[in-house]
Amino acid sequence: MSAKKLLLFLATQLAAAGVAPVGAAPLTSPAELPPLPPPMEVPAPGPETDAPYAPRPILPGGVVIPLYPPDSGYLNHDKIREPEKYSMRGPGEIGAIVQIHNPSIEFHPGNPSLNTGAAIILAAGGGHRTLNVGGEAADEVHYFYNFGVNTVILRNRLRSDGYEPKIDGVNDALQAIKLVRAYAKNWKLDPHKIGIMGFSAGAELAAATTLQWAAFDQKNDLPENPLAKVSSRPDFAGIIYPGPSPFAQGGTPTIPRDAPPAFITCAGWGDWIHAVWATEYFTALLNDGVPNVEIHIYARGHHPGDKVGPGEPPSTGGLTDRGFIAYGTWPERFLDWFRDLGFLNKPGVETQAEEDVEASLDRIKRSAGSGTAAAAAGTSKMGSAADSVGNPK
C-alpha cells in the first residue's frame, strides 16, 4: 500500500472513531435539523362577542348562513353568543363540533361543469352528544363534488347542549331545507332536487323531515317570515345507519301522500338495533305505498364507534371502505338510486322521483293482509276465466 493510501486509510479510521488527526481541526457534531413548524391554518371557532355567534366554515370556501334571525323564538338567547367548540380529527381538519347554539348551514357547490342542480343537506351523527362533521359531512362534500352534486353541511343543535333533538334538531333540519330552497336561484340549484342525508342521529332528523314538513310550514306561515311560502319538504332522503325513526316503539305518525323517496342502508347482524330501526322506517313507507323507497341491509359491518372482535371489519362511518367489505360500497348504491330517479340529470328536467310521487297521490295504503287478499282475488279471477275458456256455456 502506498504511503498516500495508508494515510488516507488511517484518517478514515480515526474519523470513524471520532478522533481528529494530529494537526487537524477538532471534529464537530453534525448540524441539527431545525424544529418542525406547527400545523398551519388549523380551523378555530370564532370569538365570543356581544352579537350572536358567527359560525365559521368547516371547509374552505363554504358559504355559512345562520338558520334563524337573531330575534327568532327558536333560539336560546341566553346561549346564542357562546362560541362553538371543535374536536380536531387531524391537523387542519375538524372532526366534531359541540356547543351549537346558533345553528347554521354551509353551502359548497358541486363541480360546475357537471352541475345537476341537486343539493344534499348533510346531517352528521354523534348520538346527539356531538356533531361528527368530519367523516359524515366534510368527506361527503368532496365526494359528491365529483358528480356535480351540491352539498350543504347542517350544524344542528344537540341534546348534550340542552336541546331536544325530536323538536329542536328536527326544526333545524326543516329550516335548513327551507333556506337552501330559498337560495336555489343564487346557487344554481333545481328547487325540485333538494333533499337531506342523515347519518345515525342525523338520520333520525332526516327521517322526521319526510313526515313532518307540512306542520312545520303551516306553523311558520307568518307575514314577517321571508321563508313563509318556501316549502321544507325534502325531495329525497338518505337514511344511513339510522337512529330510531318516528315509527320506532310502535309509533304511527301520518305519512304524507307526497312523502319523498328514501334510500336506506345499514349493517345487519353486526348493527342489529340500527338495522331494526332502518327496516321499521322502510316497512312503514313500503306498506303505505310510498314510491321508490330502497333499502340495503348488509350482512357484515358495525355501527361507527362500536368495538369489534379480532378479524372483524373496522367500525368506521361515512364513506370509508370498512375493510373492503360490501357495506363499504353503499355510496355507489346510493348513486345508482339517485341516478335512476333522475337527480343526476340537468337542472330543470322533471325527475322520475317527482313524476312517481305525483302519480301516487291517490294511492291506497297497502298491508300484508291486503296484498295477500289482492293476490288471492287475482288468482280467483284467473281461475274463473280459465274455467270459462275450458267450459264454454
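Helices here are DSSP runs of H or I with at least four residues, strands are runs of E with at least two, and both are numbered from the N terminus. I need that to place the loops below. The model is a predicted one.

**Overview.** I started with the whole chain. I count eight helices and ten strands in the protein. It has 393 residues, and 46% of them are buried. I also looked at contacts between residues at least 6 apart in sequence: 77% of these join residues at least 24 apart.

**R322.** I went looking for positive phi away from glycine. R322 is a case, with phi at about 55°. I find R322 in the loop between β10 and α6, the helix of residues 330–340. Is R322 buried or exposed? R322 counts as buried because its relative accessibility is 2%, and the cut-off for buried is under 20%.

**N292.** N292 is not a glycine either, and its phi is positive at about 65°. This residue sits in the loop between α5 and β10. I get 27% relative accessibility for N292, so I file it as partly exposed.

**Helix α5.** That loop sent me back to the helix before it. α5 runs over residues 272–288, 17 residues in total. From first C-alpha to last it reaches 24 Å, close to the 24 Å expected at 1.5 Å a residue. Just after α5 comes G289, with a positive phi near 85°.

Which residues of α5 are buried? I listed H274, A275, W277, A278, Y281, F282, A284, L285 and D288. What do they pack against? I see α4 (201–219) plus three strands: β8 (237–240), β9 (262–267) and β10 (294–298).

T283 is also in α5. I have T283 down as partly exposed, because its relative accessibility is 38%. From T283 to I295 I get 9.7 Å, C-alpha to C-alpha, with their positions twelve residues apart in sequence.

**Nonpolar core.** Next I checked the largest nonpolar core, which has 89 residues. The members that touch the most others are I105, I120, I121, M197, W330, F334 and F338. α4 gives the largest share of this core, eight residues. As a general note to self, nonpolar side chains tend to be buried together in soluble globular proteins.

I picked I105 and set aside its neighbours within four places in sequence. What is I105 in contact with? My list has V63, V64, I65, L67, V152, I153, L154, A176, L179, V180 and W187.

**Empty space.** Rolling a probe the size of a water molecule over the atoms shows where empty space is left. How many cavities of 30 Å³ or more are there? I count one. The largest cavity holds about 30 Å³ of space. Its lining is made of A124, G125, G126, H128, T130, L131, N156, L158, A201, G202 and L205. By class I make that five nonpolar, six polar and no charged residues.

The largest pocket holds about 380 Å³. It is lined by 17 residues, and the closest to its centre are P69, S72, Q175, N225 and P226. Sorting the pocket lining by class, I get nine nonpolar, five polar and three charged residues.

How values were computed:
Residues numbered from 1 in each chain as written. Predicted model: local features only at pLDDT ≥ 70, side-chain atom pairs only at ≥ 80, totals over all residues. Heavy atoms only, no water. Expected span 1.5 Å × (residues − 1). Buried < 20%, exposed > 50% of the residue type's maximum accessible area, 1.4 Å probe, protein only. Contact = heavy atoms within 4.5 Å. 1 Å grid on protein atoms, 1.4 Å probe; cavity = no way out; pocket = protein on both sides within 12 Å on 5 of 7 lines; lining within 4 Å. Points joined across faces, edges and corners; volume = space filled by probe spheres on them. Nonpolar A, V, L, I, M, F, W, Y, C, P; charged D, E, K, R; others polar. Core = buried A, V, L, I, M, F, W, Y, C linked by side-chain atoms within 4.5 Å.
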